[in-house]
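Subject: Structure for your files

Dear colleague,

Here is the structure I promised to pass on. My notes on what was found in it follow below.

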Amino acid sequence: MKTWKVGIIGGGPGGLMTAHALQKLATHPVEITVFEASPRLGGKILTPRFASHPVGYEAGAAEFYDYSHFDEDALKELIKELGLPIRPMGGPAVVMNEQVLANMDDIADHLGADAAQAVVQFDRMAKDMMTPQEFYHANDHTHEHGSDTTEHVQKQRFDSLLTDLKPHPSFQYIENLMHSDLAAEPRQTSVAYGLQNYLMNDPAYMGVYGIEGGNERLPQELIARISATFRLEHRVESIVRTPQGSMQVRSICSEDSVQSEAFRVEEFDFVVVALPLAHFNSIGYECDGLAAKMRAHHDFYDYPAHYLRMTLLFESPFWRNQFSDSYWMLDKFGGCCLYDESSRDPGCDRGVLGWLLGGDDAARMSELDDQQLINEALDSLPSFLSHGRDVFIEGQVHRWIGAVNAMPGGETPVTLDRRHQPDAMQNPNLFCVGDYLFDSTLNGVLDSANYVAEWMAAEIADHPIGAPSSTDSHSSITNFSNHTDQQTV
Ligand SMILES: Cc1cc2nc3c(=O)[nH]c(=O)nc-3n(C[C@H](O)[C@H](O)[C@H](O)COP(=O)(O)OP(=O)(O)OC[C@H]3O[C@@H](n4cnc5c(N)ncnc54)[C@H](O)[C@@H]3O)c2cc1C
C-alpha cells in the first residue's frame, strides 16, 4: 500500500491542526513533514515569561472564543480532547475620560442621557441585523452559507453604520469597546465582520476563555500527539510541480543554526500552505500559472490588520480594588484592551497588565522603541491607577504588524473549496489553510485545517495505490549540513 507524503508549510496552529486532523482521519499510511521557519512551533500562540521573574503572559493570541452554548464548537472539543483545563474570562468595562463605564447607568451618568440613548439604539440595530443564531452560523465555517445577502453586506464598510453616532461620545464608546478586537479601523472592514466584533462583547453571543497554565499548551499538546518530521528553522522558499504531478518543496536552513547555507529539496503528494498572508508571498510558486493563481489568492484576502502588545510586570496587582475582571477597555491609542494577565493564574503574587493595541495606532506606534512603548503604556494608566508606576518591574513588547486580517473571507465570499484550493485545475494537490479564510481567529484556522485534512483523507481513501498523475515520491537532499534542527516525534 502506498505511503502518502504530505508537506505542511508553517508550524503555527494551522499547520499543527492540519497534521493532527489528517493523522486521525487518514485510512492509509501518511508521512507528514512540517516546515517551520523559526526555531519554535506554535506560531502566534506563545506564552513567554518575564526575564526577571518566572511569570508567564500571553504575547500573541489572548483568548479562545466559546460557541458551545449554541451547538458544535470544534475548538472547545479539541481542547477538551487534549485534556487541557480552561478558565472563563470576562469583561469588559470601558474606561473613558477617567471614569469606569460598566453598564448603561454609568454611561448615562458620565456621558449623558443622549449618549446612553444612542448606545442603546445602536445596540438594538446591531442585534436586529445579527441575532445570536445568525452570529453562530456566521462563525460556523463547516457549511456554505447563502451568498446573496452576505455579498451585499460585505461590500458596505462598517463605518457606514457609525455615521449617525459620529459627533457623539457614544461613537468613542463603541470604538473603544471594539477597536482592539477588530485590529483595524471601522472603514477598513465589512459591516458583517464589524458587527461580529461588536456583538462578541455580549455573553448571549459568545463566551471567552483561556487555557490554565498558558494558551501555548494547545500547540504543545498537539505536537506531543503528532507523528511527523518537524523541520525547525527551515524556511520554505519555493514550491515546484514535477512533471509527474507531485510537489517539490525547497527549504533553506537558517544560517544561525548552520555555518553555511543549506538547501533541502523534498517531494510530496500533497502540500499545504499554512501561512498567514504576511508570509504567503515569501514563497516562490514556480510552476506554469501557479504563481499568478497564488498571487490572486493572496490579493483577494489582503486586508492587513495590526496588533501591538506591551506587557508590564508589577510587584502587585495594584488595580484589583477597582477592577476584578480579566480585561477592560481603555480610551487610549484609539481604544485598547488592558488584560489582567495575572488573573489567569490565581497563584501569581505579582501583577501583570497587557496592553493590546489594534489598527492604525498599533501600526504607527510599532515604530517606537521598546522603552518608549513601555513609557507610553505607563502614561496611559488612568490617574486613579497612576501609582502603578511605583511598583513597575519590567516590560516586554511584541509587534504584530499585518499579522491578522481586517476583512477575513474577502469582500465577496467564495465557496469553501475555492478558498482552500487556489489552483483546482492545474495543482489540485496544493491546499491553503488559514484564519484569513474565515474570521482571523483560532476557531477559524481550526475549521480551515479540518476542512483540508478531510479533503486530503478522502483523496487518499479514493486512491489507495496512488493517484494516476503522481509518482512514488521520494526525498532528495542537496548540500545539507549535518545539524540537529530536525525532530521526529
Ligand atoms: C496579538 C494577537 C492576538 C490574537 N488574539 C487572538 C485571540 O484572542 N483569539 C483568537 O482566536 N485568535 C487570536 N489571534 C489570531 C491567532 O493568533 C491566529 O488565528 C493563529 O495564530 C493563526 O495560525 P496560523 O498557523 O495560520 O498562523 P501563525 O500562527 O502565524 O503561524 C504560521 C507559522 O508559519 C511560519 N512561517 C512563516 N513563513 C514560513 C516559511 N516560508 N516557511 C516555513 N514556515 C514559515 C511562522 O514562523 C509561524 O510559526 C491573535 C493574533 C495576534 C497577532
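**Strands and sheets**

Strand E5 and strand E15 (residues 327-330) run parallel and are joined by three bridges. Within that pair, Val94 stands opposite Met329 of E15. Please keep in mind throughout that this is a predicted model.

E5 and E15 belong to an open sheet of seven strands, ordered E6-E5-E15-E16-E17-E14-E18, in which the pairing is mixed. The edges are taken by E6 and E18; each has a single partner strand, so one side of each is left without a neighbour in the sheet. From one strand to the next, the twist in this seven-stranded sheet averages 25°.

Another open sheet is made of three strands in the order E3-E7-E4, with antiparallel pairing. Here strand E3 (64-66) and strand E4 (86-89) are at the edges with a single partner strand each, so one side of each has no neighbour in the sheet. The twist in the three-stranded sheet averages 40° from one strand to the next. Between E3 and strand E7 (residues 207-211), which run antiparallel, there are three bridges. One residue to look at in this pair is Phe64, whose bridge partner in E7 is Tyr209.

**The ligand and its surroundings**

There are 31 residues around the ligand, and those that come nearest are Gly14, Glu36, Glu63, Asp435 and Leu442. Two of these names return in the polar contacts. A polar side-chain atom of Glu36 is 2.6 Å from an oxygen atom of the ligand, while a polar backbone atom of Glu63 lies 2.7 Å from a nitrogen atom of the ligand. In addition, a polar backbone atom of Pro13 is 3.3 Å from an oxygen atom of the ligand. On its own the ligand has 1,000 Å² of accessible area, and the protein covers 95% of it.

Which elements supply the shell? Helix H1 (13-25), strand E9 (234-241), strand E14 (304-314), strand E18 (392-405) and helix H16 (442-462) each give at least two residues. The largest share is that of E9, with three residues. Sorted by class, the shell holds 14 nonpolar, eleven polar and six charged residues.

Where does the ligand lie with respect to the domains? Domain 1 (4-45 + 217-301 + 408-488) and domain 2 (64-212 + 304-405) both give residues to the shell around the ligand, so the ligand lies between them.

**Backbone points to check**

Most residues other than glycine have a negative phi. Two residues are listed here against that background. Asn97, which is not a glycine, has a positive phi of about 50°; its place is in the loop between strand E5 (93-96) and strand E6 (99-101). Ser440, also a residue other than glycine, has a positive phi near 60°. The loop that holds Ser440 runs between strand E19 (430-432) and H16.

Elements that come up under more than one heading are E14 and E18, which are strands of the seven-stranded sheet and also supply residues to the shell around the ligand. H16 likewise supplies at least two residues of that shell, and the loop with Ser440 lies between E19 and H16.

Regards

Key
Residues are numbered from 1 along each chain as its sequence is written. This is a predicted model: local features need pLDDT of at least 70, side-chain atom pairs count only at pLDDT 80 or more; totals for chains, interfaces and linings use all residues. Side-chain values use heavy atoms; hydrogens and water are left out. Two strands pair if DSSP finds at least two bridges between them. Helices (H or I, at least four residues) and strands (E, at least two) are DSSP runs, numbered from the N terminus. Axes are lines fitted to C-alpha atoms, for helices over the stretch in contact, and angles run from 0 to 180 degrees between N-to-C directions. A residue is near a molecule or strand if one of its heavy atoms lies within 4 Å of it. A polar contact is a pair of N or O atoms within 3.5 Å; within protein, one must be able to donate a hydrogen and the other to accept it, and residues adjacent in sequence count only if both atoms are side-chain atoms. Accessible areas come from the Shrake-Rupley method with a 1.4 Å probe; for residues, only the protein chains shown count as cover. Ala, Val, Leu, Ile, Met, Phe, Trp, Tyr, Cys and Pro count as nonpolar, Asp, Glu, Lys and Arg as charged, and the others, Gly among them, as polar. Domain bounds come from an automatic or database domain assignment.
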